[in-house]
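Thanks for coming. I will go through one structure this morning, starting with a single residue and working outwards.

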Amino acid sequence: MAAILQLLKPIRYWTFCNPFTYSATQSVAWRNMRSYVWHKGQNSPENSLCHPARKVNICSTSAAWRILTTGNTLPGLEFSRASASQASTLNLHSSRAMRINEEDVETFDSLEDPRVFLQLRPEYQLHSYNRSVTCQPLSVSEGELILHKVTVYQDNLQPQIIVDYICKLSSLPAEQHPVLLSSTSFALLCQLSVKNIHLFDAPDLISILKAFVSLGIPHSHSMLDVFETNFCHKVWEMSLDQLLLVADLWRYLGRRVPRFLKIFFSYLNLHWKDLSLSQLIHLIYIIGESRQAPQDLMQKLESLILKYIDLINLEEVGSVCLGFFKSSSGLSEFVMRKFGDLACADMQHLSSYALVNILKMFRFTHVDHVNFMKQFGQIAPQRIPSLGVQGVMHLTLACSALRFLDERVMNAVAASLPPRVAYCRSKDVAKILWSFGTLNYKPPNAEEFYSSLINEIHRKMLEFNRYPEHLLTCLLGLAFSEYFPVELIDFALSPGFVRLAQERSKFEVTKELYTLDGTVGIECPDYRGNRLSSQLQQEGSEMLWNLARKDMSSKPEFLEALFLLETMLGGPQYVKHHMILPHTRSSDLEVQLDVNMKPLPFNREAIPIEDVAKLRLKHVGVNLTDDLMNQLLKGKSRGHFQGEIESDSGQQPLKLEEETAKPVGSSLCNKVDRLAGLSPPTCLQAPQVKLAIQLTNRNQYCYGSRDLLGLHNMKRRQLNQLGYRVVELSHWEWLPLLKRTRLEKLAFLHEKVFTSAL
């Protein structure tokens with residue numbers, strides 16, 4: 001008996017609930033206390049947050065397992081003693097006590113709903129588990145008899161009898177399953193199956209695993225390790241249908257089996273061409289749910305998708321997109337356009353679930369299928385009220401990622417959200433605020449929309465502490481839209497939360513913190529709350545500058561603009577490539593003009609000190625020629641002076657620019673003014689006009705428009721607040737000019753710079 005107790009070590013039953021199901025009627029305290037339990041034990045914690053507001057009476061498993069310690073308890077005696085209510089709460093697999101009314105739009109079953117495609121073709125039944133297909137029911141008395149035989153004949157049971165008994169017991173009424181799992185006789189039967197597992201062939205193992213799924217065996221039970229190992233040994237003996245069925249059963253049981261899948265995928269690398277259409281779609285589903293995918297195999301599967309492209313229906317297209325999306329595997333632009341064409345041909349009959357999944361993949365691949373997005377813009381406003389908030393979030397996020405602004409869609413989202421904002425997770429609030437901010441769009445009900453979401457952030461602070469990156473996403477999205485909730489900003493920039501965000505977040509959050517801090521410093525002059533430390537500000541600035549410099553230095557159109565501006569204005573000392581606002585993540589070309597609208601040589605980094613130090617001039621007696629003036633003012637002094645100019649009195653030559661702190665522009669003026677005996681240099685005067693010249697690209701605008709996205713619009717807003725005039729070298733003007741003459745390009749830049757200054 002001791003061995004039996006060790007084998008069936010009690011595994012605590014948890015309340016499994018739907019990550020898409022939330023109650024709007026429960027208290028704030030319950031809403032904020034999300035369960036960490038994963039749906040079926042396997043989905044990522046963030047995506048599987050449960051709503052514990054719906055209390056379910058769960059019989060203590062430890063109490064139920066005490067039956068095992070009662071030596072004189074007859075096998076199966078507790079069958080007749082279990083109350084119906086207690087059994088139903090324990091039945092986590094069939095009754096789904098957490099499910100809310102079917103008409104509630106927030107209801108979503110993260111296990112069953114992605115499997116809807118399995119009902120579309122009869123071929124799927126050959127390699128998938130269907131819980132609705134049951135064997136002949138077994139009565140309670142018949143079950144008691146089997147358990148009695150197990151106890152009496154345990155040493156003489158043949159392997160086939162063990163398989164038969166387990167399968168028959170799985171056909172007991174659902175309300176009896178919890179009591180069966182508490183039975184000492186069933187524990188003994190499971191032990192016998194493990195003891196004789198080497199005698200089972202593949203069909204026997206599959207039958208037992210199917211029975212375990214029907215009974216709801218805990219996914220973490222140690223007994224299942226033995227079964228996974230044996231399935232690994234038999235991979236090369238099984239057919240594709242059997243392998244897919246086994247993988248599907250493990251998925252339905254809620255257990256991750258990376259060893260089995262690794263061997264299975266190795267098998268598929270040799271037999272992928274043998275996959276039928278139904279096997280292909282089912283395999284992609286399994287890959288997506290397992291979150292693991294060898295890229296060489298995914299490329300082979302993509303070629304099979306093209307082979308079957310004319311036979312795939314719309315729901316299967318959605319399943320393929322979801323599988324590739326979940327496994328972080330890309331699809332080619334050609335395949336995505338094919339999918340978009342299929343969806344456009346009959347989008348009215350495309351389910352909302354499939355529509356969301358296709359949009360996820362368009363977002364992941366950044367493919368701009370214009371016709372698809374236009375048709376989406378027509379049907380989405382009618383569907384949004386019937387979508388759960390997570391579906392609404394994915395639609396909105398896809399629009400922002402694709403830079404697709406359709407006011408009908410955004411207005412429908414904004415109108416539908418406030419009444420059901422309580423259903424949102426922290427992630428949903430964050431992504432929706434980010435999407436509206438990124439698209440730089442304020443709906444007609446902006447005040448109601450933003451106030452409801454800001455209030456929900458306050459109510460979900462416990463959840464934001466678990467996922468601190470979501471709070472930063474919220475605040476940046478709000479900042480794009482010119483909303484600055486001071487209390488939340490003060491909390492987000494507090495040393496405690498900054499430390500929490502750096503420790504807990506799986507993402508690098510320094511850039512987000514720095515962008516938020518820099519924005520508050522400019523747009524909230526009366527703010528007196530927490531700010532980032534100078535060290536973290538420096539880290540953020542260096543990180544963003546390195547990224548921006550590398551990005552711009554690789555663009556020929558930018559390098560051309562920089563070179564021509566230097567030529568037009570007189571040298572590199574008149575133009576500075578840097579980040580005027582480092583927290584806005586993009587660089588600028590700064591030009592400063594004096595009161596006479598003449599450029600000022602303010603760039604102190606234009607000429608290296610070691611080059612300028614080579615210039616040696618006398619204190620007096622230098623002939624100030626036009627040639628020398630041009631060389632000095634146009635920055636062409638390097639290498640043009642031959643030899644050294646010494647004073648007539650025999651004094652040692654004067655080495656200029658030995659103090660590295662002096663700006664190069666100021667030094668040049670000092671040279672000229674001191675040589676000419678003039679008053680203090682005019683170029684040290686404060687600039688009358690400061691220009692921020694920006695070379696833009698299409699990714700900074702909403703798709704097909706000239707409306708700036710939120711981050712770039714916010715940057716211009718802040719530059720204006722600091723007194724800069726923004727000069728835009730738009731991609732639709734500058735890129736065509738690259739093919740024109742140098743004179744035309746210079747004329748264009750001259751007009752841009754000096755007309756903007758007026």
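**A glutamine, a serine and two cores**

I start with one side-chain pair: the side chain of Gln-694 makes a polar contact with the side chain of Arg-716, at 3.2 Å. Keep in mind that this is a predicted model.

Where does Gln-694 lie? It is in strand β5, residues 689-695. Is Gln-694 buried or exposed? Its relative accessibility is 7%, and because the cut-off for buried is under 20%, Gln-694 counts as buried. Leaving out residues up to four places away in sequence, Gln-694 touches Asp-588, Lys-715, Arg-716, Leu-719, Val-726, Val-727, Glu-728 and Leu-729.

Now the strand as a whole. β5 is mostly covered, with six of its seven residues buried. Which strands pair with β5? One is β2, residues 588-593, which runs antiparallel to β5 and is joined to it by five bridges. In that pairing, Leu-589 stands opposite Ile-693 of β5. The other is β6, residues 724-729, paired with β5 in the parallel sense over six bridges. There, Leu-695 stands opposite Leu-729 of β6. Some contacts of Gln-694 belong to these strands: Asp-588 is among the residues it touches, and β2 spans residues 588-593. Likewise Val-726, Val-727, Glu-728 and Leu-729 are on the contact list, and β6 covers residues 724-729.

Next, a helix. α8, residues 184-195, has 12 residues and reaches 16 Å from its first C-alpha to its last, close to the 16 Å expected at 1.5 Å a residue. Nine of the 12 residues of α8 are buried, so the helix is largely enclosed by the rest of the structure. The buried set consists of Thr-184, Ser-185, Phe-186, Ala-187, Leu-188, Leu-189, Cys-190, Leu-192 and Ser-193. At the start of α8, a side-chain oxygen of Ser-183 comes to within 3.2 Å of the backbone nitrogen of Ser-185.

A second serine, in another helix: Ser-451 is found in α22, residues 446-459. How does its side chain sit against the backbone? A polar atom of the Ser-451 side chain lies 2.7 Å from the backbone oxygen of Glu-447, and the side chain also reaches the backbone oxygen of Glu-448, at 3.1 Å. An α-helix has 3.6 residues a turn, so residues three or four places apart point the same way. With a relative accessibility of 35%, Ser-451 counts as partly exposed. Further along the sequence, Ser-451 and Pro-418 are 33 residues apart, yet their C-alpha atoms are 8.8 Å apart in space.

Now the nonpolar cores. In soluble globular proteins, nonpolar side chains tend to be buried together. The largest core here has 169 residues, and Phe-260 and Ile-305 touch the most other members. Helix α11, residues 240-253, supplies the largest share of this core, 10 residues. Apart from that core lies another, of 25 residues, including Leu-569, Val-591, Leu-737 and Leu-746. As for Phe-260, leaving aside neighbours within four places in sequence, its contacts are Glu-228, Phe-231, Cys-232, Val-235, Met-238, Leu-243, Val-246, Ala-247 and Trp-250.

Last, the totals. The protein has 35 helices and six strands. Of its 758 residues, 55% count as buried. Of the contacts with a separation of 6 or more, 77% are between residues 24 or more positions apart. The accessible surface comes to about 33,800 Å², and 52% of that belongs to carbon and sulfur atoms.

How values were computed. Residues numbered from 1 in each chain as written. Predicted model: local features only at pLDDT ≥ 70, side-chain atom pairs only at ≥ 80, totals over all residues. Heavy atoms only, no water. Helix = DSSP H or I, 4+ residues; strand = E, 2+ residues; numbered from the N terminus. Buried < 20%, exposed > 50% of the residue type's maximum accessible area, 1.4 Å probe, protein only. Polar contact = N/O pair within 3.5 Å; in protein donor to acceptor, adjacent residues only side chain to side chain. Contact = heavy atoms within 4.5 Å. Core = buried A, V, L, I, M, F, W, Y, C linked by side-chain atoms within 4.5 Å. Areas by Shrake-Rupley, 256 points an atom, 1.4 Å probe, with all protein chains shown as cover. Expected span 1.5 Å × (residues − 1). Pairing = 2+ DSSP bridges.
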